[in-house]
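Good morning, colleagues. Please look at the sequence and the structure as I bring them up, and I shall then take you through cysteines, cores and one strand.

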Amino acid sequence: MGATLVVGLIFAGILFFAGRKAFSDMKKGKCSGCSSCSSKSSCTSVDIKEIKF
Amino acid sequence: MKIALAGNPNSGKTTLFNVLTGKTEYVGNWAGVTVDKKEAPLKGKYAKGAGKVTILDLPGAYSISPYTGEEAITRDVILGEAPDVIINIVDGANFERSLFFTTQLLEVGIPVVIAVNKSDILTKRGNEIDFKALQESFGCPIVAITANMETGIKALMHKVIEVGKVKGTQLAPAIQVTDGEEKDKARQRYISELLLKVMVKRHDTSKITLSDKVDRIVAHKIWGLPIFFFVMWAVYAFSIEGLGGYLSGFVNDVLFGEIVPNALNGFFEGIGVDPLLQALIVDGAIGGVGAVIGFLPLIMVLFFCLALLEDSGYMSRVAVLMDRYFKKIGLSGKSIIPMIVGSGCAIPGVMATRTIEDDNEKRITTILTPFVPCGAKLPVITLFSMVFFPESSWVGPSIYILAFIIIIIGGLILKRLFVFEPANSFILELPEYKVPSIKHAVTQMFDKAKGFIIKASTIILVMNTLVWFMQAYGFNFQPVDNQSASILASLGTILAPLLIPVGLVGWQLAATTVTGFIAKENVVATLAILLAAVSEESLHAPGGELTTMFNPVTAYAFLALNLFIPPCFAAIGAMRSEMGDKKWLWRGLGFQLSVGYIVAILISQIGTLVVYGKTGVGFIPAILVLTAYAVLLTVLFKRADRKRNA
């Protein structure tokens with residue numbers, strides 16, 4: 001019972017941090033949803049201003 | 001101190017940025033790789049006595065008056081953020097043309113230091129420039145560098161920091177505009193006249209070089225395409241069948257197949273951990289993540305080979321080659337760059353559509369780019385190749401050929417539906433062929449590996465744990481004896497009828513396809529978890545447990561379904577951002593979903609008829625779906641024609 005509790009807590013902790021990282025990356029538009037992505041900062045956050053000639 | 005790197009596309013800005021900052025940003029041997037600004041601190045060894053120095057890497061631009069989205073970013077940063085110094089990277093391989101942008105930068109007023117990059121090519125070609133005279137004419141320091149070999153960098157930064165400390169104002173070159181002459185023409189005339197004075201020796205451009213001779217073969221209108229497919233087949237054969245496959249086999253079968261699970265099971269049993277928690281960790285988390293991580297060596301070998309190809313300059317020739325076919329579907333060869341970038345990951349591929357000026361062309365390219373199999377899809381391709389086609393090396397490359405056919409047909413359909421003007425002409429600057437840098441390829445390889453591991457240990461770990469829980473528990477939150485009574489089975493059963501026209505039966509396959517929307521590697525991980533509960537046999541074994549769900553034809557159809565339906569969530573986010581319009585995003589997703597579905601149905605039903613000589617499962621529903629799709633397309637075509645003729 002004790003071992004189950006300790007292992008369960010450790011696993012839950014790992015899962016919590018993995019989930020938090022995945023969620024925050026997704027929220028910031030980072031590429032954690034796609035492996036082998038070459039974009040280091042963000043995938044979607046750049047605003048392209050209207051081009052005036 | 002803020003230092004901006006500005007210059008023409010493919011002049012080597014990001015290579016210099018990586019050297020100056022120690023970063024490993026993606027570098028490609030073609031124009032349009034950087035489409036966003038990047039910022040990082042200057043390495044200590046180059047920043048002596050300058051305090052905190054920030055380096056800004058900007059997208060390439062031919063002119064300060066922007067023509068494309070990424071050129072606008074460059075203009076906005078230079079004019080809006082006012083860096084202390086601009087390092088203008090001048091491409092030694094295209095010296096005269098690069099100076100047009102240089103003269104514009106000199107007029108902004110911010111101190112400029114010119115770095116003549118690829119100075120080795122300049123010398124190799126037999127060009128000789130009097131830098132001292134040029135320096136006097138421009139009124140700014142000029143330093144010759146070769147960024148990829150890290151030569152001349154210390155001298156450059158010494159000069160840049162010296163200029164930055166003075167905080168002076170850059171004087172503009174004296175360009176005289178004659179009556180009625182346009183400013184840009186006067187600028188070009190000024191550069192030509194200046195070069196006559198400072199260019200001591202000029203190489204003969206009419207001479208046919210070795211590079212020209214190679215181009216005549218690899219970019220040939222008939223031989224070019226077969227050569228490209230042969231090259232891709234060779235890369236795949238080496239990666240999947242050769243070294244990559246061997247290493248992945250070891251990681252899959254021995255490391256994650258025996259060593260890790262046996263060790264963990266022994267440990268957990270020894271300390272008395274509850275069997276359910278043990279199964280969650282070993283079969284769910286480790287089993288799922290391990291099934292994906294097992295493909296890491298293979299992916300590393302593949303990306304190493306692709307980085308070598310790209311760095312050699314070959315991929316730019318592929319873009320020229322494809323232009324011929326792309327013109328026919330209303331796109332230009334410019335659309336091939338996002339697709340080549342997308343073979344690594346769909347996200348930067350979609351972002352690279354920013355270099356396309358025409359809105360319709362950009363949107364169509366954004367929709368078509370995710371059809372190119374990205375790195376995340378490789379584990380899925382490899383798994384099905386290993387299990388169902390262990391003796392065939394054509395399955396991986398065939399997916400690329402299939403993707404190419406789908407892009408051409410998809411492009412024709414989209415053009416008919418949404419494009420009413422002819423495509424723009426395409427001019428691509430071909431970089432010099434060069435011996436690819438092993439260091440660059442190794443950096444790229446480890447970079448992709450890092451991304452792969454991060455993803456496996458975050459989103460895939462979370463998803464696998466969820467999938468394991470959903471297949472082991474019922475809605476009453478009690479463990480189930482039979483998977484078919486689980487939460488996952490209940491949800492999968494709702495969607496399973498949709499797969500019947502594809503000849504696929506079973507809630508497991510529907511559930512697998514849904515988890516693949518989150519991240520494509522989840523297809524492999526979910527199958528690993530689902531099958532681990534019913535069999536101890538390795539997921540990757542040829543003719544293994546997976547063959548109870550598919551025959552080779554339906555396996556290939558399922559592969560096509562998962563590869564060609566909409567990409568992962570993150571890539572959909574990038575599509576939304578680039579299209580800038582929800583209506584177009586939904587059109588794109590609808591198109592991708594329908595293409596993936598229809599292609600899978602066609603492969604399954606026609607394949608079954610041809611290979612087994614009988615109709616497959618779901619033949620009648622397949623006919624109904626295909627008929628409905630044909631009717632829908634006809635109606636949409638007619639509506640578009642009416643709009644076109646109005």
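There are zero disulfides over all chains of this predicted model. Consider B:C305, which takes part in no disulfide. Its nearest cysteine sulfur belongs to B:C374 and lies 18 Å away. Is B:C305 buried or exposed? With a relative accessibility of 13%, B:C305 counts as buried, because the limit for that term is under 20%. B:C140, at 3% relative accessibility, is likewise counted as buried.

Let us turn to the nonpolar cores. The largest of them contains 124 residues. Within this core, B:F384, B:L546 and B:F550 have the most contacts. Helix α18 of chain B, residues 395–418, contributes the largest share, namely 13 residues. Which residues does B:L546 touch, once neighbours within four places in sequence are set aside? They are B:L383, B:V387, B:F388, B:L527, B:L531 and B:L539. A second core, separate from this one, has 35 residues, including B:A6, B:L58, B:L99 and B:L134.

Finally, I come to strand β3 of chain B, residues 54–57. In a regular strand, side chains alternate between the two faces of the sheet. Here both faces are covered: B:T54 and B:L56 are buried on one side, and B:I55 and B:D57 are buried on the other. Strand β3(B) has a parallel pairing with β1 of chain B, residues 2–7, over four bridges, and B:A4 stands opposite B:L56. With β2 of chain B, residues 38–41, the pairing of β3(B) is antiparallel, over four bridges; there, B:I55 is the bridge partner of B:A40.

Key:
Residues are numbered from 1 along each chain as its sequence is written. Chains are lettered from A and ligands numbered from 1 in the order in which they are written. This is a predicted model: local features need pLDDT of at least 70, side-chain atom pairs count only at pLDDT 80 or more; totals for chains, interfaces and linings use all residues. Side-chain values use heavy atoms; hydrogens and water are left out. A nonpolar core is a set of buried Ala, Val, Leu, Ile, Met, Phe, Trp, Tyr and Cys residues joined through side-chain atoms within 4.5 Å. Buried means under 20% relative accessible area, exposed over 50%, partly exposed in between (1.4 Å probe, protein chains only). Helices (H or I, at least four residues) and strands (E, at least two) are DSSP runs, numbered from the N terminus. Contact means heavy atoms within 4.5 Å. A disulfide is a pair of cysteine sulfur atoms within 2.5 Å. Two strands pair if DSSP finds at least two bridges between them.
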